[in-house]
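Visitor: Please give me a close look at one part only, the salt bridges. I am in my first year, so explain each term when you use it.

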Amino acid sequence: MKRPIVLIIAATLCGLAASAQEVSSDSSKGNVEVNATARFDVNPYFPLTKEGGEYDFGFGNTSIYTFIDGEFGSGWFYSISNHWLGVDWYKSCPEDKLSPLYTSSFYTNSNSWVDWALIGYSLETEKAGTWNFSLGKDMMAIGLSELEDNDVDCHYDISSKFWNNFAFYQWGASIQWEAPNESSSIQLQLSSSPVQSSLYSSNLADTRVWPFQNGKLAFAAKYREEREYWTGLMSVNLWSDYLLDEDGVISNPKATDWWGGLALGEIFHFNDVTISLDGMIRGSSWKNPIQNSLFNAKVEYYHEDSQVSVFAKAGMDHYGYLSKEQPGYTLGFAGIGFHWYPIPDSQDLRLHAVLASSNHFGLIDEYDGVATFDELSLSIGITYNLGLHRFWQK
């Protein structure tokens with residue numbers, strides 16, 4: 001296990017050195033950006049009722065990421081995001097959460113140390129807008145405002161169960177058209193499928209799925225509209241999955257179950273206040289197009305002079321009948337928090353605290369209708385972003 005990790009880190013360091021040499025040869029271009037982001041959280045849990053809940057402790061979204069974005073030639077670009085460290089560990093759930101980042105490197109139903117790694121070409125025209133073509137691993141084109149931020153900046157306990165469980169990063173290709181006014185864009189995407197049913201299958205041999213294995217594909221069409229006070233997102237998604245029988249077993253790996261989804265995300269800006277609304281429905285048949293659904297709402301106030309933002313967020317996820325072992329359940333969350341950026345005119349350093357209650361904390365073995373909110377989560381942490389490219393661009 002140690003040897004592959006060493007080789008991976010060495011390859012990335014070589015890429016950073018090459019990027020540094022490229023920029024230093026003509027610093028006026030500034031066509032490479034390399035950022036390293038580290039986050040550390042402490043996350044205690046407290047019971048809210050005598051009947052349920054328990055004291056627990058974890059490290060929340062403690063993690064280390066690197067981001068490399070650059071251009072070369074005429075119109076060519078690349079982008080790489082690596083998730084080197086993740087410490088999603090809890091006293092009640094002490095399983096190793098670091099190794100799966102590397103042991104799941106080439107599987108589609110879980111995330112790994114490579115969030116995205118893509119290369120693309122941008123064609124700018126005078127009257128027909130800009131056309132972007134990309135190939136590689138990228139985030140699935142889903143029109144939810146909850147997916148706008150990088151994972152390292154998000155908080156687990158005030159994010160939907162869909163955000164926490166779904167494998168959004170997949171291999172594939174996409175075409176994006178951007179209007180001449182740069183306000184409208186349309187993206188078409190073909191990728192490998194996240195194949196989520198393997199996470200619920202009682203047949204553990206089927207839980208590791210390779211990209212495009214057994215013809216498992218995903219398609220997406222995403223529309224984005226940006227105005228001064230409003231950003232609108234909408235997507236239509238289709239992905240294939242394994243077909244589970246009533247006992248939750250993948251009896252025939254070649255059998256396909258197609259899922260369809262419609263997602264809407266709306267972001268409104270009113271001076272220093274931002275309101276974000278999300279809605280999504282998903283279904284595996286036309287008879288039940290709303291088998292799964294989610295709804296999120298977030299309000300945030302940012303004070304520019306003090307560089308402090310306070311926010312509140314709530315949401316719910318509904319999962320319909322999957323099998324006898326998963327008869328269906330509804331989950332929800334609600335919380336408040338703040339971000340403080342203590343360095344003047346910079347958001348590289350962030351201190352944060354979030355107080356939340358949710359019924360999807362940790363592992364839940366049995367669901368019975370709507371679970372009760374019996375635990376309180378307090379997450380306190382610090383995030384720092386280091387722009388490495390600034391050192392060799394001076």
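Guide: Start with two residues that are both buried, Asp41 and Arg39. Buried means under 20% relative accessible area, exposed means over 50%, and partly exposed lies in between, with a 1.4 Å probe and protein chains only. This is a predicted model, in which local features need pLDDT of at least 70 and side-chain atom pairs count only at pLDDT 80 or more, while totals for chains, interfaces and linings use all residues. Residues are numbered from 1 along each chain as its sequence is written, and side-chain values use heavy atoms, with hydrogens and water left out.

Asp41 and Arg39 form a salt bridge in which the closest N and O atoms are 2.9 Å apart. The term stands for a side-chain nitrogen of Lys or Arg within 4 Å of a carboxyl oxygen of Asp or Glu. Counted by this rule, there are 6 salt bridges.

Another one pairs Glu146 with Lys313, where the closest N and O atoms are 3.0 Å apart. This pair connects distant parts of the chain: Glu146 sits in the loop between strand 6 (130-139) and helix 3, Lys313 belongs to strand 14 (residues 308-319), and 167 residues separate them. Helices (H or I, at least four residues) and strands (E, at least two) are DSSP runs, numbered from the N terminus. Glu146 and Lys313 are both buried.

Next come Glu300 and Lys298, whose side chains meet in a salt bridge at 3.7 Å, N to O. Lys298 counts as partly exposed because its relative accessibility is 22%. There is also a network of salt bridges, which links Glu148, Arg224 and Glu226.

For the setting, the protein chain has 5 helices and 18 strands. Of its 394 residues, 45% count as buried. Contacts, meaning heavy atoms within 4.5 Å, also join distant parts of the chain: among those between residues at least 6 apart in sequence, 61% join residues at least 24 apart.

Buried residues also make up the largest nonpolar core, which has 25 members, and those touching the most other members include Leu144 and Leu147. A nonpolar core is a set of buried Ala, Val, Leu, Ile, Met, Phe, Trp, Tyr and Cys residues joined through side-chain atoms within 4.5 Å. Helix 3 (161-165) is one of the elements that give two or more residues to this core.
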